[in-house]
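Welcome! Here is a short briefing to read with the sequence and the 3D view side by side.

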Amino acid sequence: MGAVTTRVSSFGRVNTTFYTLLKFLDEKDGKNLEVCDFGCLDGLHTIPFLKKGYIVDAFDMNEIYLYGGHIQLPIVYEDGQVTLQRRTMYGAEDRINIEKLHDKVRLYNKNIFECCNRQYDVVYSKRGLSREEYSHIPMKRKIEKLKSLVKEDGIMYLEYLMWLDDKNTDNLNSNQFIKQCEMQTYFNEGWEILSLVEDRNCIVESPHIGNPEFHKHRVGMIKVRKEKNYKKEHFNINIKV
Ligand SMILES: C[S@@+](CC[C@H](N)C(=O)[O-])C[C@H]1O[C@@H](n2cnc3c(N)ncnc32)[C@H](O)[C@@H]1O
């Protein structure tokens, strides 16, 4: 039984949108940024942040993603059939050690909504808002928590899953999925929206770890900056799950 990957993440490659974000951060602030990478998987984005010289706190609820272990890896054949193979996966910790980048990172196998009261120059999350366990927590509350983690003049970048069809919302939970034009309403006051892109239609995603079937997603991305003199009482939010 071979290991899945060492240097390459088991979640694929970093996309160009992420590199655009890195370039933006580089031009904005230069070095020594403190980053919160929430839903960090096996360090997919943590490692490029560390390579930039940033200091990273990386959170993921999934122990195997952080520390490695056995997973069911979907293998897709040419005819579209999918089978699952049991493999060993390197976690974020191994991958960061291989790259000798461990000095500037702290890994937390914790739910970010219940912990973390520090503030960061950058809060980054790729699709970390939709976990079913937190579907009873109002979306607004989860986003308020994330907003509280951003320093004044700091940046938050969220990629989020949207309702597949805004008109047919029967089977989806509004605390897990975002409607078209909803996300911007959470950043009305004290925030500058630097970019906002939302898919109009669904895209089909190939099977991946954690979702072994071809599936549909509709995705949004927002990049915001917290204005200076943001109200201090927004700091220190803890959500009891
Ligand atoms: C849905 S996955 C995103 C990865 C997906 N395969 C992709 O690239 O689009 C989100 C990750 O965030 C983590 N996560 C979700 N909610 C979290 C929370 N409240 N605290 C810490 N990690 C969380 C999950 O464990 C998961 O690894």
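Where is R127 found? R127 sits in the loop between strand 6 (120-126) and helix 5 (139-148). This is a predicted model, in which local features need pLDDT of at least 70 and side-chain atom pairs count only at pLDDT 80 or more, while totals for chains, interfaces and linings use all residues. Residues are numbered from 1 along each chain as its sequence is written.

**The whole protein**

- The protein has 5 helices and 11 strands; helices (H or I, at least four residues) and strands (E, at least two) are DSSP runs, numbered from the N terminus.
- For 241 residues, a compact globule would have a radius of gyration near 18 Å, and the protein agrees because its value is 18 Å. That radius is taken over C-alpha atoms, and the globule rule is 2.2 Å times the number of residues to the power 0.38.
- Along the principal axes, the C-alpha atoms fill a box of roughly 55 × 50 × 35 Å.
- Of the 241 residues, 33% count as buried. A residue is buried if 20 or more other C-beta atoms lie within 10 Å of its own, exposed if 12 or fewer, and partly exposed in between, with C-beta atoms placed from the backbone.
- Among contacts with a separation of 6 or more, 71% join residues 24 or more positions apart. Two residues are in contact if their C-beta atoms, placed from the backbone, lie within 7 Å.

**The sheet**

- An open sheet is formed by 7 strands in the order 5-2-1-6-7-11-8, with mixed pairing; two strands pair if DSSP finds at least two bridges between them.
- Strand 5 and strand 8 (191-198) are the edge strands, each pairing on one side only.
- From one strand to the next, the twist averages 10°. Axes here are lines fitted to C-alpha atoms, for helices over the stretch in contact, and angles run from 0 to 180 degrees between N-to-C directions.
- At one edge, strand 5 runs parallel to strand 2 (residues 55-59), and 4 bridges join them. One pair to look for is F59 with its bridge partner Y108 in strand 5.
- Side chains alternate along strand 5 (residues 105-108): V105 and L107 point to one face and are buried, whereas R106 and Y108 point to the other and are not.
- At the other edge, strand 8 pairs with strand 11 (residues 219-226) in the antiparallel sense over 7 bridges. There, W191 stands opposite K226 in strand 11.

**Around the ligand**

- The ligand is surrounded by 18 residues, and the closest are G39, N62, I112, R127 and R131. A residue is near a molecule or strand if its C-beta atom, placed from the backbone, lies within 6 Å of it.

**Residues to look up**

- Most residues other than glycine have a negative phi.
- R127, however, has a positive phi, near 60°. This residue is partly exposed because 14 other C-beta atoms lie within 10 Å.
- D153, in strand 7 (residues 150-161), also has a positive phi, near 70°. With 14 C-beta neighbours inside 10 Å, D153 counts as partly exposed.
- P212 lies in the loop between strand 9 (203-205) and strand 10 (215-217). Because P212 has 16 C-beta neighbours inside 10 Å, it counts as partly exposed.
- Not counting residues up to four places away in sequence, P212 touches Q72, P74, V82, L84 and P207. P212 and V82 are 130 residues apart in sequence, and their C-alpha atoms are 7.5 Å apart in space.
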